[in-house]
Structures are given as structure tokens and as C-alpha cells.
Amino acid sequence: MKQYTTEIGIVAPLDRANVDTDLIIPKQFLKSIKRTGFGDNLFDELRYMDEGYLGQDIAKRPKNPDFVLNQERYQGATILLARTNFGCGSSREHAPWALNEYGFRTVIAPSFADIFFNNCFKNGMLPVILTESEVDELFKECFDNVGYQLTVDLENQKVISPSGKEYTFEVDAFRKHCLLNGLDDIGLTLQNADDIKAFEEKARAERPWVFKELQ
């Protein structure tokens, strides 16, 4: 998993509340359990004018010019600014996969659905909770300034605006450690690889019959 330390990036404002996981990545694209291949269909219902289905050539699909991600000023955005209850609905892990593959490393909102919030950390993304008034302020600045960028400093737990104003946020210490060091569940397990190997060798010597069929 890619480390997350400091993110400096263009902000894309998604000005709507209660964005559910089916809107983030619609159900017809969930047939794959790979973590790749979902970015093109992120917010599919909002990005395109036609009905999306698996295997489409997106280059031939008509785009919705009014949707934020299709507007030139927000191209290359790595920070998504959202409203309350972002990521509600079903618990599909494909939602952070799609956001991550599109290029978003950070989502800032006043609140998140619990399962989506947890899934973000497991996939190398940082969900930042700020107050509604702080998010309102960021939305206004983003709309008023083309190429608006924020700095998200995980180590110091701050979001910094172009003017230098700082917004502090809370993050669980263990989750912070994992993001800073690029550790997902597999990475955490592999930190104990030597102990796991020693245990298996001891078990093989003491109970060889258990491993007989594996040879």
C-alpha cells in the first residue's frame, strides 16, 4: 500500500449530501474482486449521459458537461470535497477502490458512513472530518478559485488552505501509523514474517502428520 504523508492537490467539490456507494460505483461494475478497473466508472451515473454497463468503451460514451469531474478546472484532482454522510449505503469496498484508482487520496467531509470510513484506511486513503462550517468555507474558496489546492498534512493532522489557514482534524493513532508507513492488513502481518516462519517450522517438527498432505 502506498504511503500517505502529505498530499498537495487540486480539490474537486462534490456539492451534495448522502452520496451512497452505489452512486460512487454502481452495482453493475462489482463483478470483479480485483482492486483495479473501477476508476473509469467512478460516479458513472453522474459522469456519463448514457447507461453504463461492464465492458463499455468509455472513450465513446457521452459525458455530462455539468458534472464536476468532467470540467477542465478540476482535472487531475486528488482531493475530493464532499458533504455530510459520504459513502452511505451498502458496504462495498469497491467504492474506495474506484476513488483511489481515479486519483483521489483524500476525501474531506463533515461526516462519513462508518463502513466506508473504515474501508478508506484499509485502502490507503485518508477520510478527513471537518465541521460543516469549515467545509462550507472550503467549498466557497474552491468555487471562487480555479486550480484551488489544499495541503493535507497527516503527520500534523492539518488541512492547509492556499492562504495558510489551518484546519485540524482527528485520526486514530493506529490508522495514522498504518497510512504513514503504507501498511495494509497484509503488510501488518508480514511484519511478523520471521515469527510466523519460526512457528510453522516448530509445528512441522512437532506434528509432521499435519503437513504430510501438503508435501
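**Entry 1: surface and overall form**

Accessible areas come from the Shrake-Rupley method with a 1.4 Å probe, and for residues only the protein chains shown count as cover. With this method I looked up the accessible surface of the protein chain, which comes to about 11,800 Å². Carbon and sulfur atoms hold 50% of that surface.

I note that this is a predicted model, in which local features need pLDDT of at least 70 and side-chain atom pairs count only at pLDDT 80 or more, while totals for chains, interfaces and linings use all residues. Residues are numbered from 1 along each chain as its sequence is written, and side-chain values use heavy atoms, with hydrogens and water left out.

I then looked up the dimensions: the C-alpha atoms fill a box of roughly 70 × 45 × 25 Å along the principal axes. The secondary structure comes to nine helices and seven strands. Here helices (H or I, at least four residues) and strands (E, at least two) are DSSP runs, numbered from the N terminus.

I recorded that 45% of the 215 residues are buried. Buried means under 20% relative accessible area, exposed means over 50%, and partly exposed lies in between (1.4 Å probe, protein chains only). Of the contacts (heavy atoms within 4.5 Å) between residues at least 6 apart in sequence, 65% join residues at least 24 apart.

**Entry 2: the nonpolar core**

In soluble globular proteins, nonpolar side chains tend to be buried together. I therefore looked for a nonpolar core, meaning a set of buried Ala, Val, Leu, Ile, Met, Phe, Trp, Tyr and Cys residues joined through side-chain atoms within 4.5 Å. The largest one has 55 residues, and Phe-43, Phe-86 and Leu-99 touch the most other members.

Which residues does Phe-43 touch, not counting those up to four places away in sequence? I found Leu-14, Val-19, Leu-23, Ile-24, Phe-67, Leu-69, Leu-80, Phe-86 and Leu-99.

**Entry 3: helices α3 and α4**

I looked up helix α3 (residues 94–102) and found His-94, Ala-95, Pro-96, Trp-97, Ala-98 and Leu-99 buried. Their cover includes α1 (21–24), β2 (79–81) and α4 (114–122). Gly-103, just after α3, takes a positive phi of about 135 degrees.

In α4, the buried residues I noted are Phe-116, Phe-117, Asn-119, Cys-120 and Phe-121. What covers them includes α1, α3, β4 (126–129) and α6 (173–181). Gly-124, just after α4, has a positive phi of about 75 degrees.

**Entry 4: salt bridges**

How many salt bridges does the structure hold? I recorded eight, a salt bridge being a side-chain nitrogen of Lys or Arg within 4 Å of a carboxyl oxygen of Asp or Glu.

Asp-22 forms one with Arg-92, and their closest N and O atoms are 3.0 Å apart. Because Asp-22 lies in helix α1 and Arg-92 in the loop between β2 and α3, this pair ties together parts that are 70 residues apart in sequence. Asp-22 is partly exposed at 25% relative accessibility, whereas Arg-92 is buried at 16%.

A second pair is Asp-44 and Arg-61, with an N to O distance of 2.7 Å. Asp-44 is in helix α2 (residues 44–47) and Arg-61 in the loop between α2 and β2, 17 residues apart. Are Asp-44 and Arg-61 buried or exposed? I found that Asp-44 is buried and that Arg-61 is buried as well.

Lys-158 and Glu-166 also meet in a salt bridge, at 3.0 Å from N to O. Lys-158 is partly exposed, with a relative accessible area of 25%, and Glu-166 is partly exposed at 43%. I noted further that Asp-15, Arg-83 and Asp-136 are linked in a network of salt bridges.

**Entry 5: Glu-137**

I located Glu-137 in helix α5 (residues 132–144). Glu-137 counts as partly exposed because its relative accessibility is 28%. Beyond its neighbours within four places in sequence, Glu-137 is in contact with Lys-165 and Tyr-167. From C-alpha to C-alpha, Glu-137 and Pro-96 are 25 Å apart in space, and they are 41 residues apart in sequence.

**Entry 6: positive phi outside glycine**

I looked up two residues other than glycine. Asn-85 has a positive phi, near 60 degrees; Asn-85 sits in the loop between β2 and α3 and is partly exposed at 26% relative accessibility. Gln-157 has a positive phi near 55 degrees and lies in the loop between β5 (149–153) and β6 (158–160). Gln-157 counts as buried because its relative accessibility is 17%.
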